[in-house]
Amino acid sequence: MTDRDYLWCALNLALDREEELARLCPACRTQAEEEPCPVCGAPRGSWEVNQGFDWARYEQLKGGGGAD
């Protein structure tokens, strides 16, 4: 397949999804558009946050600050 063929397939998949969503009521459409957890299917809003995560350390490492 050429790049053009892949683009055509991707575009048609997106259009098919939009057509499916257009048939739903607003409440069902919102629910269908929510990104679920790829493992258990829980909606994104119910995902727990890791309370033990050290944001300061993360920012330090992300910025290239290195170890103490």
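Here is a short conversation about a predicted model, covering its helices, its aromatic side chains and its salt bridges.

Visitor: Let's begin with the overall fold. What pattern does the protein follow along the sequence?
Guide: Happy to help! The secondary structure comes to three helices and zero strands. Read from one end of the sequence to the other, the pattern is therefore written with helix symbols alone, and it is α-α-α.

Visitor: What percentage of the residues in the protein is buried?
Guide: A residue is buried when its relative accessible area is under 20%. The protein has 68 residues, and the buried share of them is 3%.

Visitor: And what part of the accessible surface belongs to carbon and sulfur atoms?
Guide: The accessible surface of the protein comes to about 6300 Å². The part of this surface that belongs to carbon and sulfur atoms is 58%.

Visitor: Now the aromatic side chains. How is the pair of Phe-53 and Tyr-58 classed?
Guide: The model has three aromatic pairs. In this one, the rings of Phe-53 and Tyr-58 are 5.6 Å apart, centre to centre, with 55° between their planes. Stacked needs under 30 degrees and edge-to-face needs over 60, so the pair of Phe-53 and Tyr-58 is tilted.

Visitor: How is the pair of Trp-55 and Tyr-58 classed?
Guide: Both residues belong to helix 3 (residues 55-62), where being three residues apart separates them by about one helical turn. Their ring centres are 5.6 Å apart, and the angle between the planes is 90°. Because an angle over 60 degrees sets the class, the pair of Trp-55 and Tyr-58 is edge-to-face.

Visitor: Is Trp-55 buried or exposed?
Guide: The cut-off for exposed is over 50% relative accessible area. Trp-55 has 54%, whereas Phe-53 is partly exposed at 37% and Tyr-58 is partly exposed at 36%. So Trp-55 is exposed.

Visitor: How much accessible area do Phe-53, Trp-55 and Tyr-58 have together?
Guide: These residues form one aromatic cluster. Phe-53, Trp-55 and Tyr-58 also make a nonpolar patch on the surface. Together, their accessible area is about 340 Å².

Visitor: On to charges. Which helices hold Arg-29 and Glu-18?
Guide: Side chains of opposite charge can pair when their charged atoms come close. Arg-29 and Glu-18 form a salt bridge, with their closest N and O atoms 3.3 Å apart. The pair ties together parts that are 11 residues apart in sequence, because Arg-29 lies in helix 2 (residues 26-33) and Glu-18 in helix 1 (residues 3-22).

Visitor: Which residues are joined into one network by salt bridges that share partners?
Guide: Arg-29 also meets Glu-33 in a salt bridge, at 3.2 Å from N to O. Arg-29 and Glu-33 are four residues apart in helix 2, about one helical turn. Since Arg-29 bridges to Glu-18 as well, the network consists of Glu-18, Arg-29 and Glu-33.

Visitor: How far apart are the closest N and O atoms of Glu-59 and Lys-62?
Guide: Glu-59 and Lys-62 are three residues apart in helix 3, about one turn of the helix. Glu-59 is partly exposed, with a relative accessible area of 41%, and Lys-62 is exposed at 56%. A salt bridge needs its atoms within 4 Å, and here the closest N and O atoms are apart by 3.9 Å.

Key:
Residues numbered from 1 in each chain as written. Predicted model: local features only at pLDDT ≥ 70, side-chain atom pairs only at ≥ 80, totals over all residues. Heavy atoms only, no water. Phe/Tyr/Trp six-rings, centres within 6.5 Å; stacked < 30°, edge-to-face > 60°. Buried < 20%, exposed > 50% of the residue type's maximum accessible area, 1.4 Å probe, protein only. Helix = DSSP H or I, 4+ residues; strand = E, 2+ residues; numbered from the N terminus. Patch = residues over 30% accessible without salt bridge, like charges linked within 9 Å, V, L, I, M, F, W, Y side chains within 5 Å. Areas by Shrake-Rupley, 256 points an atom, 1.4 Å probe, with all protein chains shown as cover. Salt bridge = Lys/Arg side-chain N within 4 Å of Asp/Glu carboxyl O.
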